[in-house]
Amino acid sequence: MKWILPIIAGLMLPLSPAAQKDSSAPPEVPDEETAAVLYTAAIVTLHNPNDAKMDAIPDMLEACIRAGYAPACETLLNIREGWFHGLPQQKEKAAELALQLARQEQKWRNKPAMHRACLSAMARYARYCESGFGRPRNLEDAYAWVSKAAALGYSHAQVEQARYLMLGGGVQQDPAAALKLLQEVCLRDMKAPHLFNYMGCLYLAGADGGEPDYDMALQCFRYGDHFGDADAVNNLGIMYEDGIGMEEDTERALKCYRRAASLGSKEASANLMRLTEEAARGPMGTRTQQQVINGAVRVIETLPITRQRKDMLLRHISKPTEE
């Protein structure tokens, strides 16, 4: 990597006297080849927290963004969010950058990679609006921005739009519309994050006709497993453990919880510990119908929503019959 050092040195030269005097002059825009080299230099420095030039990385990445170098967009947003040791979290600047990129999507429509980066920033800004990260929390703004990105064909945003429709945040709750949207995304981009987990939850909640469709829910969670969705794998384990639409299968449940835990699911880790302890105590006997329903409820409970929203979604779960 010795060849990078002279490049970094050249890029870190101070402004000329003329440029220092005219602070209102527009920032210099490097050509694409220079932007690629500049980005490489920034990444090398970023992964060396002891480098004295760490503070210069945001400026380097901003220059790359002005040149339309797409990878710099996500990297700088991650830096502003506080992902990297040695650079402070700057919530307001993260929100400002995401909004700036979102508003520039028309400018970059003739450059697919940069345009997609703008759509990704638009969806990220929607999350900032939802969580109140770097700006006041506003669910209506969040839904408006994620809907705009979805309308422009960004599949990740379409999945998130379906989540809003499923839960009712910032828009009237409409599980059937959410499921229809996810089915459309499935035809174009099966790798979209959370796609099959949300579909499985909706089928389990009876969004497709009012009654739970256990077979479709199981199929969706299995697809989620195939694509490495930790929440989908955990929910698959719940179905196996509680016998939702099938016979109970503790061994398969344990396998699912182990896999989901390895993918980062904290709930799966808790389920794995609990079920392992229960298995060590011996057979638990036959589960009642109410326990099966409780298992379905646990799947819905995995969603990161308020108690009120969970109750609204759980109305679609069938009630147990009287014995």
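## Cysteines and disulfides

This predicted model holds 0 disulfides. C186 is in no disulfide, and its nearest cysteine sulfur belongs to C220, 7.4 Å away. C220 is likewise in no disulfide; the nearest cysteine sulfur for C220 is that of C186, at 7.4 Å. A disulfide is a covalent bond between the sulfur atoms of two cysteines. Here the cut-off for calling one is a sulfur pair within 2.5 Å, so the C186 and C220 sulfurs, 7.4 Å apart, do not count as a disulfide.

Is C220 buried or exposed? C220 counts as buried because its relative accessibility is 3%, and the cut-off for buried is under 20%.

## A nonpolar surface patch

Three residues, M190, Y223 and F227, make a nonpolar patch on the surface. The patch covers about 250 Å².

Where does F227 lie? F227 is in the loop between α12 (214-226) and α13 (230-242). F227 counts as partly exposed because its relative accessibility is 34%. That value falls between the 20% and 50% cut-offs.

## Confidence along the chain

The protein chain has an average pLDDT of 84. A pLDDT of at least 70 is reached by 78% of the residues.

Two stretches score low. Residues 1-23 stay under 50 in pLDDT. For residues 1-23 the model has 13 contacts beyond four places in sequence. Residues 318-323 also have a pLDDT below 50. Beyond near neighbours in sequence, the 318-323 stretch has 7 contacts in the model.

Terms used:
Residues numbered from 1 in each chain as written. Predicted model: local features only at pLDDT ≥ 70, side-chain atom pairs only at ≥ 80, totals over all residues. Heavy atoms only, no water. Patch = residues over 30% accessible without salt bridge, like charges linked within 9 Å, V, L, I, M, F, W, Y side chains within 5 Å. Areas by Shrake-Rupley, 256 points an atom, 1.4 Å probe, with all protein chains shown as cover. Salt bridge = Lys/Arg side-chain N within 4 Å of Asp/Glu carboxyl O. Helix = DSSP H or I, 4+ residues; strand = E, 2+ residues; numbered from the N terminus. Buried < 20%, exposed > 50% of the residue type's maximum accessible area, 1.4 Å probe, protein only. pLDDT = per-residue confidence, 0-100. Contact = heavy atoms within 4.5 Å.
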